[in-house]
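Please open the model in your viewer and keep the selection tool at hand, since this tour moves from one selection to the next and pauses at each to say what is there.

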Amino acid sequence: MGSTQKNVIAALTAALLWAFAFVAPAAVKPASELLLVTGRYSLFGLCGLYVLCRGWSQLKLMPIRRILFGLYIGFVGYFVFYICVSYSATMDSGFITAVVVGSSPITIAVAGNFAEKRMSWRELVAPVILILVGLTFLSASDFIQGERSDDTNDSLFAILLAIMAMLTWSYFVVRNAQSQRTWETKPNPTIWAALVAMGAGGASMVLLPFAIATTPDETFEPYPLFKIIAWCVFLGVIGSWWGTYIWVKAAQGIPVPLVGPLLATETIFGAILSLPVEQRMPTWTEVGGALFILVGIGVYMAFDVKNSRSRDSGSDSDTEKSDASDVPAVT
């Protein structure tokens, strides 16, 4: 098996690990969403704290404004993002949440094009329209299916939370990649990842006592307690930290045009894994909305591949590779 194939398999493994984030909120019930988020990222932050202690000499060389920026985008891109994902998934469906958040490559492309034009605006029109049609299908699912109106408001609010998660993640990716390109001295990737982890973990540790206090009493019975701890360990250590490590290593040997499609597999994994947990099949409007969004992502990827192949293989190619490795998937 060639090195590229091994890297692709590793990237798919990372995407699968990340996809469990869409399943966990429904799987840990009756535990609260806030307890899952704070427990997960407290452990993630502790991993980051360990790395920062080991690399203290390198951390001291970083300007304080960069340290604060790393903590800030970690808080926004991980903690705030997963708060939106968790409440969206439990209010409506992990399937819908995964699909909506999975359209983030388009919002990242649009936002990135404003900051640094990388492709024609005309090439973005078709993907954006397809994504909007898909979101409309998902938003109107309850009305089209004629389901009871009591749940409609919750479903619409859940989709709004999923859209907020998508926009939050897009902001994180664009600002992170933009800062890495503009800084003259690039930070050590491991130290930078640890700072981002501490940004998410710091907020989680502060709110963890509140999350415990507001969690239903039945969560602290033996089996529910074991379940929530197991999921927090899996998501915080294996999913977030180890999954990101696998992705960073894999991305170094993956051709740039493959990065986008491999990131998109997280959406597919998340949607597929959510259905058995919810013990249901998707409605035809959910399938239709998901297909529109996936086709939109596919059209965007096709344009991206075409543009990547048309660029020179010199210094521009090296810049793209560093950009791709700076963009983690949804964790």
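A helix, as the word is used on this tour, is a DSSP run of type H or I with at least four residues, and helices are numbered from the N terminus. With that in mind, please remember throughout that what you see is a predicted model.

**The whole chain**

Begin with everything selected and coloured by secondary structure, where the chain shows 15 helices and 0 strands. Of the 331 residues in the chain, 52% are buried, and the exposed surface comes to about 15,300 Å², with carbon and sulfur atoms supplying 67% of it. Among contacts with a separation of 6 or more, 89% join residues that are 24 or more positions apart.

**A cis bond and a buried threonine**

Now select P30, which sits in the loop between α2 (24-27) and α3 (33-54), and look at the peptide bond that leads into P30 from K29, which is cis, with omega near 15°. Keep P30 visible and add T219, which belongs to the loop between α11 (189-213) and α12 (222-251). Is T219 buried or exposed? T219 counts as buried because its relative accessible area is 1%, where the cut-off for buried is under 20%. If you set aside the neighbours of T219 within four places in sequence, its contacts are P30, A31, L35, P224, L225 and I228. The side chain of T219 also reaches the backbone nitrogen of A31, at 3.5 Å.

**Along helix α12**

From T219, move on to α12, a helix of 30 residues that reaches 40 Å from its first C-alpha to its last, close to the 44 Å expected at 1.5 Å a residue. Where does α12 bend by about 30°? Centre the view on G243, which is the place of that bend. Then select A251, also in helix α12, which is classed as buried because its relative accessible area is 10%. Add T4 to the selection and draw a distance between the two C-alpha atoms: A251 and T4 are 247 residues apart along the chain, yet 9.7 Å separates them in space.

**Helices α5, α6 and α8**

Next, select residues 64-91, which form helix α5, with 28 residues and a reach of 40 Å from its first C-alpha to its last, close to the 40 Å expected at 1.5 Å a residue. Look along α5 for a kink of about 25°, centred on F75.

Continue to α6, residues 94-101, where 8 of the 8 residues are buried; these are G94, F95, I96, T97, A98, V99, V100 and V101.

For a contrasting stop, select V125 in helix α8 (residues 121-139), which is partly exposed, because its relative accessible area is 45% and that class lies between the 20% and 50% cut-offs. Include V110 as well, which lies 15 residues from V125 in sequence and 9.9 Å from V125 in space, C-alpha to C-alpha.

**The nonpolar cores**

Finally, select L36, Y41, Y78, Y82, W192 and W231 together, since these residues have the most contacts inside the largest nonpolar core, which has 70 residues. Apart from that core lies another, of 12 residues, which you can find by selecting V8, W18, I246 and A250, all of them among its members.

How values were computed:
Residues numbered from 1 in each chain as written. Predicted model: local features only at pLDDT ≥ 70, side-chain atom pairs only at ≥ 80, totals over all residues. Heavy atoms only, no water. Helix = DSSP H or I, 4+ residues; strand = E, 2+ residues; numbered from the N terminus. Expected span 1.5 Å × (residues − 1). Bend = angle between axes of the 7 residues up to and from the residue. Core = buried A, V, L, I, M, F, W, Y, C linked by side-chain atoms within 4.5 Å. Buried < 20%, exposed > 50% of the residue type's maximum accessible area, 1.4 Å probe, protein only. Contact = heavy atoms within 4.5 Å. Areas by Shrake-Rupley, 256 points an atom, 1.4 Å probe, with all protein chains shown as cover. Polar contact = N/O pair within 3.5 Å; in protein donor to acceptor, adjacent residues only side chain to side chain.
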